[in-house]
There are 2 protein chains.
Amino acid sequence: MFKNLDQLKYDANGLIPAIVQDIRTGAVLMLAYMNKESLARTLAAGETWFWSRSRQEYWHKGATSGNVQKVREIYYDCDADALLVKVEQVGVACHEGHYSCFHYRLDNGPA
Amino acid sequence: MFKNLDQLKYDANGLIPAIVQDIRTGAVLMLAYMNKESLARTLAAGETWFWSRSRQEYWHKGATSGNVQKVREIYYDCDADALLVKVEQVGVACHEGHYSCFHYRLDNGPA
């Protein structure tokens, strides 16, 4: 079914960063962290599960808001220490109500 | 010109993950890490500078290969602990010769 999850490189806390991208629009929605168990849950459920570093608990994205992320494709990078999860986002990704969490411009452009 | 870089949240090693996306194609190219100094260099140079965790040194992407990333827009997320850098990629992003570092499929799809 899928690669051995032990082949990925997790950090000292057992975490690997997961970039979530909307497969329909190409927009990068958020960056969150998975551990092996949350990745296994993601693969089994077809929806994203993360490890919340602030709450120290598993987090099924959209469980309360309904804004789940339906997983379509998952890739890992050449160092096997980062994930790219392509999803169909239901509703919005950001808890602040924005479509993407990356809505603050850092450089000197507009918005 | 740009927001105070001290407002971003860096990890215990002073790093913040930076997602690099090709602004022309929408492809997510790589995930690498910046510290405040590499972000300042990125803003000043208009090309990406990272901190290499493996080599423990600053890393001007493409300095040897010529495959630089011309920075067009930079965003930070709602937690201010991740960056999205939109670039025009010259050549390929991956040191393995692929356009994107995320060329390994984890789930059970093709490729």
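**Entry 1: the interface.** I looked up the contacts between the chains and found that 31 residues of chain B are in contact with 31 residues of chain A. I took two residues to be in contact if their C-beta atoms, placed from the backbone, lie within 7 Å. I note that this is a predicted model, in which local features need pLDDT of at least 70, side-chain atom pairs count only at pLDDT 80 or more, and totals for chains, interfaces and linings use all residues. Residues are numbered from 1 along each chain as its sequence is written, while chains are lettered from A and ligands numbered from 1 in the order in which they are written.

**Entry 2: elements at the interface.** On the side of chain B that touches chain A, I found that β1 (16-22), β2 (28-34), β5 (69-76) and β7 (104-105) of chain B each supply at least two residues. With four residues, β5(B) gives the most to that side. I used DSSP runs for helices (H or I, at least four residues) and strands (E, at least two), numbered from the N terminus. I then sorted the residues of this side of chain B into 19 nonpolar, six polar and six charged. Here Ala, Val, Leu, Ile, Met, Phe, Trp, Tyr, Cys and Pro count as nonpolar, Asp, Glu, Lys and Arg as charged, and the others, Gly among them, as polar.

**Entry 3: strands across the chains.** I saw that strand β5 (residues 69-76) of chain A is joined to β7(B) by two bridges, and that the two run antiparallel. Two strands pair if DSSP finds at least two bridges between them. For Tyr75(A), I recorded Arg105(B) as the bridge partner in β7(B).

**Entry 4: symmetry.** I checked how the copies relate: a turn of 180° and a shift of 0.0 Å along the axis lay chain B on chain A with an RMSD of 0.0 Å. That is the relation of a two-fold axis. The same surface serves both copies, as 100% of the contact residues of chain B recur in chain A. The superposition is by least squares on the C-alpha atoms of residues with pLDDT of at least 70 in both copies.

**Entry 5: two residues of helix α1.** I found Leu39(B) in helix α1 of chain B. Leu39(B) is buried, because 24 other C-beta atoms lie within 10 Å. A residue is buried if 20 or more other C-beta atoms, placed from the backbone, lie within 10 Å of its own, exposed if 12 or fewer, and partly exposed in between. Leaving aside neighbours within four places in sequence, Leu39(B) is in contact with Leu5(B) and Met34(B). Ala45(B) also has its place in helix α1 (residues 36-45) of chain B. Ala45(B) is partly exposed, because it has 13 other C-beta atoms within 10 Å.
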